[in-house]
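Me: I have a model open and would like to go through it with you. Could we start with one of the helices?

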Amino acid sequence: MTAVEHDADVIVVGAGPGGSATAYHLARHGVRVLLLEKTEFPREKVCGDGLTPRAVRQLIRMGVDTSPEAGWLHNRGLRVIGGGVRLELDWPELASFPNYGLVRTRLDFDDLLAQRAVAAGAKLRTNVNVLGPVLDGDGRVTGVEAEVGPGKEPATFHAPLVVAADGVSGRFPLALGLAKREDRPIGVAVRRYYRSPAKHEDNYLESWLELRSKDSGDNLLPGYGWIFGLGDGRVNVGLGVLNSSSAFGKTNYRRLLTDWLANTPEDWGMTDEANADGPILGAALPMGFNRVPHYTRGVLLVGDSGGMVNPFNGEGIAYAMESGELAAEVVVQALARPAGPERERALMAYPNELKARLGGYYRLGGIFVKLIGRPEIMRIATKHGMPHPTLMRFVLKLLANLTDPRGGDAMDRVINAMTKAAPAV
């Protein structure tokens with residue numbers, strides 16, 4: 001049999017945050033990387049556009065300038081609104097994470113990360129729609145089949161390893177028979193941009209634990225909401241509903257958003273359709289490792305493709321970038337070994353390490369999702385928890401997954417002990 005010439009050492013499918021982080025860290029170690037993106041940059045993505053310190057740490061690890069002068073809007077923490085209380089919680093002071101968050105639209109955020117990967121040595125090809133895997137006689141993936149350019153010319157690219165970072169759709173892992181697990185949490189989020197001079201510059205990310213419309217009275221609307229200032233005269237406003245809620249899949253989410261916003265102060269600008277900047281767009285949030293295994297037959301799953309959104313707070317970018325860096329570290333070690341059992345042994349470190357880092361935490365997140373899906377529990381938790389700032393600081397650390405793994409304060413030690421004690425998902 002004629003040996004196939006490889007186009008790269010690793011093919012990365014999808015140039016979102018997870019794919020670009022993977023490509024960056026691989027290229028930095030001298031690996032030949034082909035980064036394939038189905039669209040052209042810049043391109044929009046449905047997202048809250050808010051980044052916690054966990055995501056900021058990953059940007060810094062990629063050498064990204066996160067200063068205001070470079071176009072980033074900084075924030076000090078989270079403003080939580082619920083139970084008649086408005087509480088501002090600063091991000092914790094930790095050795096492991098910076099003490100600020102960021103806001104930036106995905107329109108240029110993803111482009112910026114892809115360019116970091118290119119600067120490190122990755123080869124980026126846009127307008128390449130990957131259709132599925134190329135398999136050898138043993139069923140192992142040795143490349144990808146694709147359509148290239150506006151003419152959708154068929155093309156095949158070969159590499160000994162492929163990283164699937166193709167987002168929530170997970171078309172590539174689906175082609176390998178890796179379906180989503182129905183026993184893991186999933187959410188749906190919708191968001192829209194509004195011009196809002198009153199709210200666009202904000203030192204805090206704003207989270208609404210209770211949503212009400214003008215005519216809902218004491219009845220809460222399903223889900224949770226956010227308002228994130230973009231610093232350019234606009235805000236990103238959205239809401240999410242989890243599959244533990246009875247409203248999941250039975251609600252007009254776009255109508256839900258406008259019903260809630262109709263109850264916000266008029267000077268915020270979100271009650272007037274004339275202030276809207278673009279349509280209401282939605283996306284699924286695949287949580288708690290809802291697609292596994294994260295490594296099989298020469299393919300590693302990164303970010304949303306592997307269902308890595310945090311069940312506690314809906315954050316996906318940080319975990320996409322973290323899993324991308326981890327995948328790169330493992331692949332570098334694996335490629336230094338001969339193909340066969342030795343290389344496979346090295347590659348299995350990826351799912352094992354993901355499970356060790358996040359498995360227990362995501363198990364707790366799954367329990368949390370089930371609890372807050374019950375309105376009576378959410379109402380009690382909000383009413384009795386919100387008036388206690390110390391408790392809420394603990395909750396912030398837990399929900400945002402911000403603790404020092406060694407040392408740290410009493411809150412860190414309690415949270416770390418909880419995640420270690422929980423059986424990994």
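Me: What should the 24 residues of helix α8 span at 1.5 Å a residue, and how far apart are the end C-alpha atoms?
Reply: This is a predicted model. Helix α8 covers residues 349-372, and at 1.5 Å a residue its 24 residues should span 34 Å. The end C-alpha atoms are 34 Å apart, so the two values agree.

Me: Where does α8 bend, and by about how much?
Reply: The bend in α8 is at L358 and amounts to about 50°. L358 is also one of the buried residues of this helix.

Me: Which other residues of α8 are buried?
Reply: They include Y350, P351 and L354, then G359, G360, Y361 and Y362, and further along G365, G366 and V369.

Me: Let us turn to the nonpolar cores. How many residues has the largest one, and which have the most contacts inside it?
Reply: The largest nonpolar core has 60 residues, and L59 and Y350 have the most contacts inside it. Helix α6, residues 317-335, gives the most to this core, with 10 residues.

Me: Why does that core lie between domain 1 and domain 3?
Reply: Both domains give residues to this core, so it lies between them. Domain 1 comprises 10-75 + 95-182 + 288-366, and domain 3 is 367-421.

Me: And which residues does L59 touch?
Reply: Leaving aside residues up to four places away in sequence, L59 touches L51, V64, T66, W72, L102, F109, L113 and M321. Another core, of 25 residues, lies apart from the largest one; L78, V80, L396 and L402 are among its members.

Me: Changing topic: how far apart are the C-alpha centres of domain 2 and domain 3?
Reply: Those centres lie 24 Å apart. Domain 2 (186-286) and domain 3 each put 8 residues into the contact.

Me: What area is buried there, and what share do carbon and sulfur atoms give?
Reply: About 680 Å² is buried between domain 2 and domain 3, with carbon and sulfur atoms giving 63%. On the domain 2 side, L209, L242 and S244 supply 58% of the area buried against domain 3, more than any other three residues.

Me: One last residue: is T105 buried or exposed?
Reply: T105 counts as buried because its relative accessibility is 14%, below the 20% cut-off. T105 sits in the loop between β7 (101-103) and α3 (106-120).

Me: Which residues does T105 touch?
Reply: With residues up to four places away in sequence not counted, T105 touches D49, Y193, L230 and R234.

Conventions: Residues numbered from 1 in each chain as written. Predicted model: local features only at pLDDT ≥ 70, side-chain atom pairs only at ≥ 80, totals over all residues. Heavy atoms only, no water. Helix = DSSP H or I, 4+ residues; strand = E, 2+ residues; numbered from the N terminus. Expected span 1.5 Å × (residues − 1). Bend = angle between axes of the 7 residues up to and from the residue. Buried < 20%, exposed > 50% of the residue type's maximum accessible area, 1.4 Å probe, protein only. Core = buried A, V, L, I, M, F, W, Y, C linked by side-chain atoms within 4.5 Å. Domains from an automatic or database assignment. Contact = heavy atoms within 4.5 Å. Buried area = accessible area lost by both parts, 1.4 Å probe.
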